[in-house]
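Here is a briefing for a reader meeting this structure for the first time. Have the sequence and the 3D view open while reading.

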Amino acid sequence: MDLGDSGATSVVLADWLDQLLIFWHEYRVVVSALFLWFLMTFWVQRVTPQVPSQGLEKPNWPDRPERVPCTDDQAVAREVDLPKADPTRKPRPTAARVVTGRKPAGARTERRGVQRGAASASSSSSTTLQPIVFFSSLTGTTERLTKRVATELEAFSVSQPAVLPPQVHDISYVDLDDYFITGPKTPVAVPNVRYFYLLLIPSYDIDTILNTFLAHLDETHHDFRIDTSPLSTLAGYSVFGIGDKEGWPSEEKGFCSQAIEVDKWLAKLTGRKRAYPLGLGDVKGKGELERVLHDWTVGVCSVLAELKATGALGEGVPGSGDADESADEEEADDGEVEEVDFPDSGRNKRRKLAATTDLEDVGGKDGSLASPLAVDFTTYASAPSPAPTALKAMVPKESPTYTALTKQGYTIIGTHSGVKICRWTKSALRGRGSCYKNSFYGIASHLCMETTPSLSCSNKCVFCWRHGTNPVSTTWRWQVDDPQAIFDGAKEGHYKKIKMMRGVPGVRSERFAEAMRIRHCALSLVGEPIFYPRINEFVGLLHSEHISSFLVCNAQHPQQLQDLRRVTQLYVSIDASNKDSLRKIDRPLHRDFWERFQACLDILRQKRFVQRTVFRLTLVKGFNVEDEVEGYAELVARGLPCFIEVKGVTYCGTSVSSSAGLTMGNVPFYHEVVAFVEALDRALAKRGLDYGLAAEHAHSCCALMASKRFLINDKWHTVIDYDRFFHLLDQGVDFTPEDYCKATPEWALWGNGGFDPRDVRVDRKGRPKEQN
Ligand SMILES: Cc1cc2nc3c(=O)[nH]c(=O)nc-3n(C[C@H](O)[C@H](O)[C@H](O)COP(=O)(O)O)c2cc1C
Ligand code: SF4
């Protein structure tokens with residue numbers, strides 16, 4: 001049959017359909033599955049957000065808002081935002097560095113550059129310069145010359161409205177703290193004013209107020225609580241010295257020696273802001289003195305004009321010094337030894353280091369010295385060790401550590417102990433207030449000796465006083481000094497320093513007499529007192545002379561803590577509430593530091609009915625405060641201490657703290673400490689723990705919480721009855737902390753500030769200051 005063209009097409013079509021049908025029957029399962037897979041993939045693509053290509057990848061965190069410059073108010077608001085309610089918040093990063101400690105010379109040079117830049121940036125037409133002229137005069141010459149300088153500066157200020165007329169102060173009458181710690185303290189903040197110090201200094205090789213002034217500068221520079229360049233806020237400074245070339249013909253022979261010293265200290269304290277070179281004038285120079293002084297004043301005025309114009313001590317300004325010169329000066333500072341026997345920071349006491357044996361080398365890295373036998377500190381009591389043949393001194397006299405510590409005012413006793421009088425002892429001697437121990441426990445600071453039988457420690461806390469100089473170790477690997485020798489040496493060193501206060505203006509004779517009998521010993525200076533293998537004997541010696549013992553340990557040596565016999569008050573430093581935080585802040589050497597820490601809390605818990613136990617919390621903003629209240633409450637629940645001392649950290653401004661990221665921004669204000677203790681109080685109450693806010697010492701940013709065991713007849717009893725303590729101890733009977741406590745004085749109770757009314761806070765004119 002002929003189907004023609006159309007017929008053929010139909011047949012072909014029918015054939016295709018046939019084949020398609022056969023194909024479908026054979027593969028319909030596979031085809032359906034593929035179709036379904038395609039549909040699913042399409043749907044998934046529609047509901048899932050697009051993943052960008054690698055190069056354009058966005059971070060996972062939410063978009064940050066545009067950065068806006070932070071105003072002062074906002075910064076303050078951020079700082080006072082303590083403690084936070086949100087427990088999920090991460091510890092915030094440390095605040096921007098506002099002050100720094102010692103740096104390697106290179107870094108310092110760089111910083112100066114930055115400061116100059118910053119200063120330039122801050123210069124504005126609204127800024128004014130306030131010159132302040134300080135002088136000292138015994139026979140009137142310097143006072144007369146100061147008047148001339150003031151008159152010239154006054155005339156200059158008329159032609160330069162941005163420079164204010166000078167203020168003039170006699171160093172003998174000002175409170176040095178008001179001007180030479182962090183720049184002038186003004187009753188109200190004066191915006192847009194920068195201060196410029198001019199100092200006219202005669203020289204005397206006898207004991208005068210200038211010795212006290214120099215000692216103050218020296219102390220400020222070495223005070224661990226203060227930044228090493230606290231006067232860097234000044235716009236600049238310059239010194240003019242007045243001396244007598246007839247009697248003291250050259251600088252080597254003492255001509256203008258004290259002005260030279262003042263100039264050096266100010267260079268350090270201001271961070272090298274010598275704006276015009278040191279001027280030196282000879283009283284016997286027949287008219288020369290006035291001319292030299294006039295030239296110096298004119299030079300200073302030109303610097304003031306330059307400062308006003310540029311806001312900075314420019315490189316080209318005479319006297320500003322180039323980087324090389326300043327670096328040399330810093331190196332000299334680092335390399336030289338200054339013996340700083342308070343109050344005389346003697347002028348001729350610098351000497352080059354005879355040897356530079358590093359403590360780390362003691363033990364014979366090179367094999368020349370017999371290796372000391374390392375005693376595992378955690379086991380020394382139970383594991384008798386073979387007698388070592390040649391154990392070395394922990395702090396040998398010729399070591400840089402020894403130098404650094406004596407420079408900081410320590411007296412080193414024997415080979416591993418130290419004693420130092422603290423600023424509160426000096427303050428108490430002058431009737432200007434004691435430290436918090438007086439308010440909380442009845443210890444007047446002038447009766448207290450601060451010492452340590454071990455300058456070594458097993459932590460490297462970011463806020464440590466030790467300026468990063470002391471040896472650190474987990475084992476005692478040095479010779480062990482006799483406890484009696486340490487005790488005698490500590491008393492001798494302490495009394496010597498007290499005697500040096502004899503000539504200091506304002507020292508009260510009755511307190512000076514009282515201070516010649518030590519009543520208390522704080523074993524908390526630096527280092528770890530229970531590191532000393534014969535600590536029990538040492539404490540026994542203290543008690544034998546009825547000297548109370550406060551011992552602070554770093555919660556890293558449970559065995560030694562367990563073995564420790566009774567002390568008057570036993571402290572454990574609680575520097576963080578969790579493992580991570582503790583690692584960051586204490587930087588412990590022990591790998592099992594957290595387990596050790598917890599074991600120490602358990603030991604403290606066991607001892608709480610035998611002796612007074614204390615948790616000492618040091619608050620470091622940005623490290624261990626935010627979000628940690630609940631954690632601290634847990635630790636309290638574990639250790640059940642009799643007392644909880646909460647203290648704001650004091651900034652020591654060292655390279656150690658700086659390298660750990662610690663700055664002044666990490667120091668909490670007192671109201672922040674108060675907010676913290678109130679939050680801790682609530683957290684403890686929530687857990688049914690019977691504690692309360694007992695006392696405070698606002699002065700030193702310190703608050704005391706106490707177990708209600710010491711709330712007797714509705715009155716806090718945080719003070720120690722020392723006579724009773726020694727009576728019970730001498731009788732050899734068992735007793736509890738409640739057996740030797742006394743009522744806390746009204747003025748020390750929580751809410752009353754804590755300043756002892758028997759002391760007086762005075763201003764520079766000796767008038768009582770408002771008390772808080
Ligand atoms: C006891 C005494 C000690 C002195 N010692 C020094 C000295 O060590 N170096 C120096 O350059 N001048 C020394 N002088 C000189 C004074 O510094 C000089 O007379 C100065 O002008 C005194 O200043 P004033 O009158 O403001 O007190 C001394 C003077 C006296 C009376
Ligand atoms: S425990 Fe004390 S001595 Fe040791 S590093 Fe810390 S603050 Fe310094």
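What follows covers two sheets, the helices beside them and the surroundings of one ligand.

The model is predicted. One open sheet has 5 strands with parallel pairing. Another open sheet has 10 strands, and its pairing is mixed.

**The sheet of 5 strands**

- The strand order is β2-β1-β3-β4-β5.
- The edges are held by β2 (167-170) and β5 (279-282). Each has a single partner strand, so one side of each has no neighbour in the sheet.
- On average, neighbouring strands here are turned by 20 degrees against each other, with direction ignored.
- Strand β1 covers residues 128-135 and runs parallel to β2. The two are joined by 4 bridges.
- Phe 134 has a bridge partner in β2, namely His 169.
- Helix α4, residues 141-159, lies across four named strands: β1, β2, β3 (193-202) and β4 (236-243). Helix α4 runs at about 150 degrees to β3.

**The sheet of 10 strands**

- Here the order reads β9-β10-β11-β13-β14-β15-β16-β17-β19-β18.
- The edge strands are β9 (411-413) and β18 (691-697), and each pairs on one side only.
- Neighbouring strands of this sheet are turned by 25 degrees against each other on average, again ignoring direction.
- Within the sheet, β15 (residues 569-574) and β16 (residues 612-619) run parallel. They are joined by 6 bridges.
- Opposite Leu 570 stands Thr 613 in β16.
- Helix α18, residues 593-607, packs on the sheet and touches β15 and β16. The direction of α18 makes about 155 degrees with that of β15.
- Helix α19 also packs on the sheet. It touches β15, β16, β17 (643-648) and β18. Its direction makes about 165 degrees with that of β16.

**Helices α17 and α18**

- Packed helices are described by the angle and the distance between their axes.
- The axes of α17 (residues 579-586) and α18 come within 10 Å. They cross at roughly 105 degrees.
- The two helices are therefore roughly perpendicular to each other.
- From α17, the contact uses Lys 579, Leu 582 and Arg 583. From α18, it uses Phe 593, Trp 594, Glu 595 and Phe 597.
- By class, this contact has 4 nonpolar and 3 charged residues, with no polar ones.

**Helices α19 and α21**

- Helix α19 spans residues 629-639, and helix α21 spans residues 670-686. Their axes come within 9 Å and cross at roughly 55 degrees.
- That angle makes α19 oblique to α21.
- The crossing of α19 and α21 is right-handed.
- On the α19 side, the contact residues are Val 629, Glu 630, Tyr 632, Ala 633 and Val 636. They meet Phe 676, Ala 679, Leu 680, Ala 683, Leu 684 and Lys 686 in α21.
- The class count for the contact of α19 with α21 is 9 nonpolar, no polar and 2 charged residues.

**Around ligand 2**

- How many residues surround ligand 2? There are 9.
- The closest are Cys 457, Asn 459, Cys 461, Cys 464 and Gly 527.
- By class, the shell around ligand 2 has 4 nonpolar, 3 polar and 2 charged residues.

Conventions:
Residues are numbered from 1 along each chain as its sequence is written. Chains are lettered from A and ligands numbered from 1 in the order in which they are written. This is a predicted model: local features need pLDDT of at least 70, side-chain atom pairs count only at pLDDT 80 or more; totals for chains, interfaces and linings use all residues. Side-chain values use heavy atoms; hydrogens and water are left out. Two strands pair if DSSP finds at least two bridges between them. Axes are lines fitted to C-alpha atoms, for helices over the stretch in contact, and angles run from 0 to 180 degrees between N-to-C directions. Contact means heavy atoms within 4.5 Å. A residue is near a molecule or strand if one of its heavy atoms lies within 4 Å of it. Ala, Val, Leu, Ile, Met, Phe, Trp, Tyr, Cys and Pro count as nonpolar, Asp, Glu, Lys and Arg as charged, and the others, Gly among them, as polar. Angles under 35 degrees count as roughly parallel, over 145 as roughly antiparallel, 65 to 115 as roughly perpendicular and the rest as oblique. A crossing is left-handed if the near helix is turned anticlockwise from the far one by less than a right angle, and right-handed if clockwise.
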